[in-house]
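Notebook open, coffee poured. Today I want to go through the charged pairs and then one polar side chain.

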Amino acid sequence: MMKNMMSSATVRPWLMMMMISIVTLLFQVQQLAGAQLQRQVAAVFVLGDSTLDVGNNNYLPGKDVFRANKPYNGIDYPASKPTGRFSNGYNVADFIAMKLGFKKSPPAYLSLLQGPAAAANLTLAIKALTGGVSFASGGAGVLDSTYAGKCIPLSTQLRSMEATRAAMVSKVGTRAVAAHLARSFFLLGVVNNDMFVFATAQQQQNRSATPAEVAAFYTTLITKFSAALTELYEMGARKFGIINVGLVGCVPLVRAQSPTGACSDDLNGLAAGFNDALASLLSDLAARLPGFAYSIADAHAAGQLAFADPAASGYTSVDAACCGSGRLGAEEDCQVGSTLCADRDKWAFWDRVHPSQRATMLSAAAYYDGPAQLTKPINFKQLARTTA
């Protein structure tokens with residue numbers, strides 16, 4: 001018995017040292033690979049909704065969860081199969097990660113937690129230290145009530161980031177993790193669904209929101225988003241790439257509710273008002289928090305430019321879903337048996353809500369180093385090069 005106890009006591013520290021050595025070695029190897037890929041940042045951490053999700057929702061239980069794990073999703077992805085991305089291929093998180101020197105978006109957080117806890121914790125730490133992690137979830141919003149039970153809200157994504165940080169600290173220590181996070185890129189895009197839910201509630205009551213209700217809605221969103229960004233900052237984040245709310249009133253699902261197929265000016269106006277408040281919030285945080293650097297990717301303005309002159313972006317369709325059914329392809333989700341457009345690169349929308357792979361590629365290019373009017377106060381490329 002004593003011999004077994006001594007063996008256990010000596011093996012455990014040895015195993016711990018081996019794990020630390022493995023992490024250190026992989027970190028160094030990844031740094032060398034990163035140099036070859038011309039990485040702009042140490043890692044990418046992603047929090048947000050279905051526009052950024054790379055498969056977290058695939059691991060959630062429940063029949064009502066938003067998932068993109070069936071064809072025709074992923075038809076243009078390298079493996080030509082569903083990946084959990086709400087896209088025919090890559091999404092905007094992938095293309096932004098590519099611009100920053102990575103092969104694609106970091107892996108879904110929940111995909112790293114499969115298997116025994118100790119092994120999963122080590123895998124999580126390695127991935128976070130060598131490339132980053134995605135916490136994004138289809139349907140997520142800033143508010144916990146947004147599509148509750150069907151996704152992972154921002155508050156839970158923050159807890160997952162906290163657990164990821166703890167896993168890294170357990171392997172390489174607080175100081176190394178602090179330096180790593182300060183050199184990493186935090187990509188967020190998470191308010192679109194809050195807009196949809198708020199507008200739907202008003203529509204179900206057959207009325208428009210009052211100015212006071214809209215103001216209260218903005219205040220709640222900004223307060224919670226401010227707390228989320230501050231929490232990430234306290235964890236060590238310094239570079240924040242924020243995608244604002246796009247032209248949510250122009251997605252096929254919304255257009256199909258109009259007799260003429262027009263965009264909803266009310267919903268787009270709601271989004272624009274929030275975007276103004278978001279810009280003020282970020283300017284304030286940058287003034288108060290030392291080292292806080294940010295770039296707002298103006299998805300709203302990018303959409304306006306694309307829809308005003310579709311041909312300039314190579315589009316032949318900006319109002320209907322490539323994959324869907326019924327009017328504007330917006331009466332059902334994309335699935336086997338849906339009508340599927342032939343030339344997907346010429347369609348702005350993949351399904352009744354989400355952009356096509358090409359649309360996200362163009363957006364990522366614009367946010368990284370495109371027209372100055374689409375990013376403020378700096379673009380993503382400049383943000384990546386900032387020092388804390």
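**Entry 1: a linked set of charges.** I started with a network of salt bridges that links Arg159, Glu162 and Glu231. Note to self: this is a predicted model.

I then looked up one pair from that network. The side chains of Glu231 and Arg159 form a salt bridge, with N to O at 1.9 Å. Where do the two partners sit? Glu231 is in helix H7 (residues 211-235) and Arg159 is in helix H4 (residues 154-172), so this pair ties together parts that are 72 residues apart in sequence. I also checked Arg159 for exposure: its relative accessibility is 38%, so I wrote it down as partly exposed.

**Entry 2: the other salt bridges.** How many salt bridges does the structure hold? I noted nine.

Next I pulled up Arg85 and Asp94, whose side chains meet in a salt bridge at 2.7 Å, N to O. Are these partners buried or exposed? Arg85 has 5% relative accessibility, which makes it buried. Asp94 comes out at a relative accessible area of 0%, so it goes down as buried too. The cut-off I used for buried is under 20% relative accessible area.

Then I went to Glu213 and Arg207, another salt bridge, where the closest N and O atoms are 2.8 Å apart. Glu213 is partly exposed at 27% relative accessibility. Arg207 is also partly exposed, with a relative accessible area of 33%. Both values fall between the buried limit of under 20% and the exposed limit of over 50%, so "partly exposed" is what I wrote for this pair.

**Entry 3: Asn56.** Last stop was a polar residue in a loop. I found Asn56 between strand S1 (44-48) and helix H2 (92-99). Its relative accessible area is 1%, so Asn56 is buried despite being in a loop.

What does the side chain of Asn56 reach? One partner is the backbone nitrogen of Leu110, at 2.9 Å. I also found the backbone oxygen of Ala136 at 3.0 Å from a polar atom of the Asn56 side chain. So I have a backbone nitrogen and a backbone oxygen on my list for this buried side chain.

I finished with the contacts of Asn56, skipping residues up to four places away in sequence. Asn56 touches Ala108, Tyr109 and Leu110, then Ser134, Phe135 and Ala136, and also Ile152. Leu110 and Ala136 are thus on the contact list as well as being the polar partners I noted above.

Note on methods
Residues are numbered from 1 along each chain as its sequence is written. This is a predicted model: local features need pLDDT of at least 70, side-chain atom pairs count only at pLDDT 80 or more; totals for chains, interfaces and linings use all residues. Side-chain values use heavy atoms; hydrogens and water are left out. Helices (H or I, at least four residues) and strands (E, at least two) are DSSP runs, numbered from the N terminus. Buried means under 20% relative accessible area, exposed over 50%, partly exposed in between (1.4 Å probe, protein chains only). A polar contact is a pair of N or O atoms within 3.5 Å; within protein, one must be able to donate a hydrogen and the other to accept it, and residues adjacent in sequence count only if both atoms are side-chain atoms. Contact means heavy atoms within 4.5 Å. A salt bridge is a side-chain nitrogen of Lys or Arg within 4 Å of a carboxyl oxygen of Asp or Glu.
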